[in-house]
Each structure stands twice: as C-alpha cells, then as structure tokens.
Amino acid sequence: MADDTLTAKQEVKQEVCVKEEAKSEAGSSDEIKGESQAIATTNGGAAREDQIKKTEVKVKVKAEATDTETQTVKAEVDVKSDTNGGAASEKAVTPKDETPAVVKTDPDLIRKIINQVEYYFGDANLMKDKFLQTKIKEDNGWVALSILLTFNRLKSLSEDVSVIISALDESTTGLLQISMDRQKVRRSVDHPLPNQTEEWKVELAARSAYAKGFPLDVTLDKLLSFLGSFGKVDHIQMRRDREKKFKRSVFVIFVSKEGCSKFMDQEELKFETDDAEPLLRQMKDDYFNVKKEARKQMKGNKQKEKEEERIKQAKATEDEFQAKITHGTIMVLSGFEGKMDRQDVKNFFNDKDDCGTVVWVDLHEEKKEVRLRFKEENQAKDILEKLKDPDTGKVKVLSQTLEGLVLEGDEESSHWKGIFESQSRKRKAPGGGGGRGRGRGGKRHRVSTCQYKMAASR
C-alpha cells in the first residue's frame, strides 16, 4: 500500500508542470501560485485510513525561447486518500492579487473597511492625529497595515492584511494609494491636506452640523449608516460628558456641502423609528454661537448676582458700622494760636456743668485744630449751640476765639472709621489691650513666691 501511495505522488509531481508564453519582447517574468490536490488509491480499491500530510512542491519550469526569460511556477500539492478510489486531482491557488472570497461575498465589510481606513487618512482626523502624522513622516507618507491594525476599530473588522488591501482595491474616491508590496497605504499625493485658510474654514463650516436626540446605546456604525444616507460622511464625533457618558448628540462633517444641506433640509427627522423624538439639528457654527450667547448671558447673570450680593454685603456692613457710631458727638475747633494742650482743652469742657463730657481729644497742631468726642449722642451739637457767640457765630475757648462745627454725614463716618481702625491696630499690636492680665502698660511681669522672698531677704 505504501508503494502505491508513492506512485500516486510521483504521478502528481509529473502532472504539475506549468508553462507560460512570453508576455512581452522585453522578457518580463510572472510568478504564479498553484494549489493541487491529489487523491491516492490502491490497486485493490481499499480505502486508506491515515491522511497523507500536506507537502509543498516547488517546480521550476524553464521555457527556452529566443525573446523570453525563465519563468518560475510554484505549486502546493495536497495528497489525500480517496475512499471512493478516484484518480489524483489538482486545484490552483488563488493568485495574490485576486480578492479573497470572504470580501467578495460581504460588500458591507468592504464598505466598512474603506470608510474606516479613509477616515484615518481623511482631513478631519489626519489634521489632529499626532501619532499618524509621526508615522507618515517616517516613510514618505506610507503607513504599514500592521500599524493600522493596532487601531481597535479596524482590527475589529478584520485582522487579515490581504482582506483589508483587497477591500481598499474597491475604493473609488482616489484618496488612498497602495504600495507595490501591498503591505502599506498612504494618502494619495493627488489629495494633499488642505491649507487651513479662512476660505477653507468657511467651506468646512458649510458641511458641519450638530444633531441631538439619539438613543444612549446607539453605536457608531448605526450613526454612520443613518447619517451616510444623506451623503458621504467624513467624520462623526459622539459627544460625551466628563464621565464618558454619551450626551445623545453628535457633530458630523459631511464630505460635501450637498450632503450636509440634505441632512439639514429635512422638515422633521427621526432616528430609526417613527415614534422616536425628532432630532434637534443645527449647523455647527450656529450651535456654538447659541452656546456662546447662553454662556455670555449666564456670565452676565452671575456677575449681576455677584454685584447684588456685594451691594447687599456692603449695605449690611454699613448698617452695622452706622449702628456702632454715636452720632452728633464730634466737635471740631480750629484757629488756635500758639501751642495747645490736650488736657487743658478737655478740662475746659468737663469742668463746666452744662458742657457735657469729653471722652477724647485729637490735637492737630499743624492744622491748628482740635477734635473733641463727647460721650452722649448729639451732645456736641447742643453744646456748640450754647457756646456760639450770637453775633459772630464763633466759640470762645481758653481765651481764644475759634471756629466751631459738628461733623455730619460722610465726614462724620470717615472720622469714626479712623477711630475704629486705630482701635483695631492697638488690639492687634503686641502688648495691646484686650487680654487678661494686660493693660495699657503691656505685659504683666509675674514674680514667683520664691523670687519675691529672695528679693526681700536682700
């Protein structure tokens, strides 16, 4: 039985002989792959139980002619046993440039692969994709399919380079070029990236739209299918919040203004089902202008609220301040000659029965002015009226004739603010008043009983 098997294999080797006539006078040679299957049978017709392992036979055929060169033909032979006793057969391998059957039978996969790879090299993505920009610079624009297959979305469609290349062969946009070894792609030199001029920005805006109202669980494929029904889509951005949750809205860039216009001109548009809510649609620029105006309005409202709160706080502070003031208690006397003594001025008023009580005196020698603060509200006003000369309206104090007035309004408030600030500084200063055991003289020095006895014994 073994001899019979070897005989069958030898017969197959002899049958796999391919000759091809010269295709050009220049003598170009082509390489062809073939796949053959042979079924070995026995003379007695009994079936063989074990399958003969697959072998690869390389056959070199030289065709001599005056104007042609040597051509090489490769064939793969798979020898199997035929339980029915048939003769050896041969099947040719699919040529390298022939589209794989899986792609031929799935036009939807072809479309998805083309859309995805053309998206990578499209204007919207390539202008901002730093990784691809780096790879493009490394090899005169070429990017290996092995690199593109590290991108999850393309990888989910197919991991077979031949499938992807064969699908790209079907593209009609002219955006991509495929390398001679069919292992790399690049953006066609006939389609350079546009310069980001003002005219380009206006044209881009005319084909960019915003839409809201999609289901939370919608997929990018469904969006591409839906939006692609109005025109070829260049880019879709599914908008998400900080938690990566879909906001039910997208930005879409169509390849042409006509596609965008068709999408926007629909009177009412619903996604997938008639009972779905109508989509809210705007041109992308209009969406941002509305948002900008809304933010501006919100900012204005916040500033207004902030200003109202500031005014409210200021009023509360002013009311609190006014409540602390003892109104009508600050008398100003000006026009002193020579040196003034603060205590003398204070005694002048306090020694009189009908001149109230002066609690503080501020002396300003450079201004020849003294300010007195009385204890009771409106006391300064009442006393000044008593002391004024009815003819001249002046006041006689310590044998000097002086001008006198009582501070009111803003002048009074300003004076009291100075008083409160001075008091605050004194409280904050080291050794200031307000603490237990502290007085106008500063810290109280403590002396222990032992120290006291030692000092007394000396």
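**Exercise 1. A loop between two strands**

Task: Decide whether Leu398 is buried, partly exposed or exposed. Then do the same for Ser399, and inspect the phi angles of Leu398 and Ser399.

Solution:
- Step 1. Leu398 has a relative accessibility of 37%. Buried means under 20%, and exposed means over 50%. Leu398 therefore counts as partly exposed.
- Step 2. Keep in mind that this model is predicted.
- Step 3. Turn to Ser399, with a relative accessibility of 71%. That value is over 50%, so Ser399 counts as exposed.
- Step 4. Place both residues. Leu398 lies in the loop between strand E14 (395–397) and strand E15 (400–406). Ser399 is also found in the loop between E14 and E15.
- Step 5. Check phi. For Leu398 the angle is near 50°, a positive value in a residue other than glycine. Ser399 is not a glycine either, yet its phi is positive, at about 65°.

**Exercise 2. A glycine after a helix**

Task: Find the loop that holds Gly122. Is Gly122 buried or exposed? Which residues does Gly122 contact beyond its neighbours within four places in sequence?

Solution:
- Step 1. Gly122 sits in the loop between H3 and helix H4 (123–126).
- Step 2. The relative accessible area of Gly122 is 5%. The limit for buried is under 20%, so Gly122 is buried.
- Step 3. With neighbours within four places set aside, Gly122 is in contact with Leu175, Arg187 and Asp234.
- Step 4. Take one of these contacts, Leu175. Gly122 and Leu175 are 53 residues apart in sequence, but their C-alpha atoms are 8.1 Å apart in space.
- Step 5. Now consider the whole chain. Among contacts between residues at least 6 apart in sequence, 64% join residues at least 24 apart.

**Exercise 3. The largest nonpolar core**

Task: How many residues make up the largest nonpolar core? Which element supplies the largest share of this core?

Solution:
- Step 1. The core has 23 residues. Those with the most contacts inside it are Ile113, Val117, Phe121, Leu148, Leu154, Ile164 and Leu168.
- Step 2. Helices H3, H6 (145–148) and H8 (161–168) each supply at least two residues of the core. H3 brings the largest share, 6 residues.
- Step 3. Follow Val117. Beyond residues up to four places away in sequence, Val117 touches Leu148, Leu154, Ile164, Leu168 and Leu176.
- Step 4. Look at H8. It is mostly covered, with 6 of its 8 residues buried. These are Val163, Ile164, Ile165, Ser166, Ala167 and Leu168.
- Step 5. Recall a general tendency. In soluble globular proteins, nonpolar side chains tend to be buried together.

**Exercise 4. The largest pocket**

Task: What is the volume of the largest pocket? Which residues lie nearest its centre, and which element gives the most to its lining?

Solution:
- Step 1. The volume is about 910 Å³.
- Step 2. The lining has 30 residues. Nearest the centre lie Asn115, Tyr119, Val233, Asp234 and His235.
- Step 3. Helix H3 (107–120), helix H7 (152–157), helix H10 (220–227) and strand E8 (233–240) each give two or more residues to the lining. H3 gives the most, with 7 residues.
- Step 4. Sort the lining by type. It divides into 9 nonpolar, 9 polar and 12 charged residues.

**Exercise 5. The whole chain**

Task: How many helices and strands does the chain have? What percentage of its residues count as buried?

Solution:
- Step 1. The chain has 16 helices and 17 strands.
- Step 2. Of its 458 residues, 31% count as buried.
- Step 3. The accessible surface comes to about 30,900 Å². Carbon and sulfur atoms account for 47% of that surface.

Note on methods:
Residues are numbered from 1 along each chain as its sequence is written. This is a predicted model: local features need pLDDT of at least 70, side-chain atom pairs count only at pLDDT 80 or more; totals for chains, interfaces and linings use all residues. Side-chain values use heavy atoms; hydrogens and water are left out. On a 1 Å grid over the protein atoms alone, a cavity is a set of points where a 1.4 Å probe fits but cannot get out, and a pocket is an open set with protein on both sides within 12 Å along at least five of seven lines; lining residues have an atom within 4 Å of a point. Grid points are joined across faces, edges and corners, and a volume is the space filled by probe spheres set on the points. Helices (H or I, at least four residues) and strands (E, at least two) are DSSP runs, numbered from the N terminus. Ala, Val, Leu, Ile, Met, Phe, Trp, Tyr, Cys and Pro count as nonpolar, Asp, Glu, Lys and Arg as charged, and the others, Gly among them, as polar. Buried means under 20% relative accessible area, exposed over 50%, partly exposed in between (1.4 Å probe, protein chains only). Contact means heavy atoms within 4.5 Å. Accessible areas come from the Shrake-Rupley method with a 1.4 Å probe; for residues, only the protein chains shown count as cover. A nonpolar core is a set of buried Ala, Val, Leu, Ile, Met, Phe, Trp, Tyr and Cys residues joined through side-chain atoms within 4.5 Å.
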